[in-house]
Amino acid sequence: MLACAVFLIALLSNGAIRSVNGCSCLVVVSLEKHFADATYVFTGVATQVVPWIESGEYQVTFQVEKLFKGMMPLDGRLLTTTPSDSAACGVVFRAGERWQVWTYGTYDKPDIISCSRTTRD
């Protein structure tokens, strides 16, 4: 037993095993705070989902149907990103699905995370 503990400590201190971080949405945030912090809030249909291998994200294009916050794109389409892994707070989107989306980040790179109020419609 002691040998196992010493082995694990040696691995961790050597950097052979890195800590694993997962998505955690433990903080309760009010609707008002979510809305104030969001860059875009809209309902729309996911029209394209493309993996970005080098960044670990998916690019998701939405056809915006109704905009509640943000600037409406001229063509009505909004390009967003989400982490490709649910452990990194990514959201799984499929083309053709209708969503209510809350993005964060900047207007030129709106991000979607699972801790937001984004829900499938």
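The accessible surface of the protein chain amounts to about 8,000 Å², and carbon and sulfur atoms account for 60% of that surface. Accessible areas were computed by the Shrake-Rupley method with a 1.4 Å probe, and for residues only the protein chains shown count as cover. The structure is a predicted model, in which local features need pLDDT of at least 70 and side-chain atom pairs count only at pLDDT 80 or more, whereas totals for chains, interfaces and linings use all residues. Residues are numbered from 1 along each chain as its sequence is written, and side-chain values use heavy atoms, with hydrogens and water left out.

The protein chain contains 2 helices and 6 strands. Both kinds of element are DSSP runs numbered from the N terminus, helices being H or I runs of at least four residues and strands being E runs of at least two. Read from the N terminus, the order of elements is α-α-β-β-β-β-β-β. Of the 121 residues in the protein chain, 31% are buried. Buried denotes under 20% relative accessible area, exposed denotes over 50%, and partly exposed covers the range in between (1.4 Å probe, protein chains only). Among contacts with a separation of 6 or more, 54% are between residues 24 or more positions apart; a contact requires heavy atoms within 4.5 Å.

Strand pairing was examined next. Two strands are taken to pair if DSSP finds at least two bridges between them. Strand β1 (residues 40-52) runs antiparallel to β4, and 6 bridges join the two. One bridge in this pairing places Gly 44 opposite its partner Trp 99 in β4. Strand β4 is also joined to β6 by 2 bridges, again in the antiparallel sense, and here Gln 100 has Thr 119 of β6 as its bridge partner. A further antiparallel pairing, over 3 bridges, links β4 and β5. Within that pairing, Gly 105 is bridged to Pro 110 in β5. The connection from β4 to β5 is a hairpin through 2 residues. In a regular strand, side chains alternate between the two faces of the sheet.

A search of the whole structure for disulfides (pairs of cysteine sulfur atoms within 2.5 Å) returned 2. A disulfide is a covalent bond between the sulfur atoms of two cysteines. When the bonded cysteines of the protein chain are numbered in sequence order, the pairing reads 1-3, 2-4.

One disulfide joins Cys 23 to Cys 89, with an S to S distance of 2.0 Å. The link of Cys 23 and Cys 89 is right-handed, with 105 degrees about the S-S bond. Cys 23 lies in the loop between α1 (2-14) and α2 (31-37), and Cys 89 lies in the loop between β3 (77-83) and β4 (98-106), so this pair ties together parts that are 66 residues apart in sequence. Cys 23 is partly exposed at 29% relative accessibility, whereas Cys 89 is buried, its relative accessible area being 13%.

The other disulfide joins Cys 25 to Cys 115, with an S to S distance of 1.8 Å. Because the torsion about the S-S bond of Cys 25 and Cys 115 is about -75 degrees, this disulfide is left-handed. Cys 25 is located in the loop between α1 and α2 and Cys 115 in the loop between β5 (109-111) and β6 (119-120); the pair therefore ties together parts that are 90 residues apart in sequence. Cys 25 is partly exposed, with 43% relative accessibility, and Cys 115 is partly exposed at 24%.
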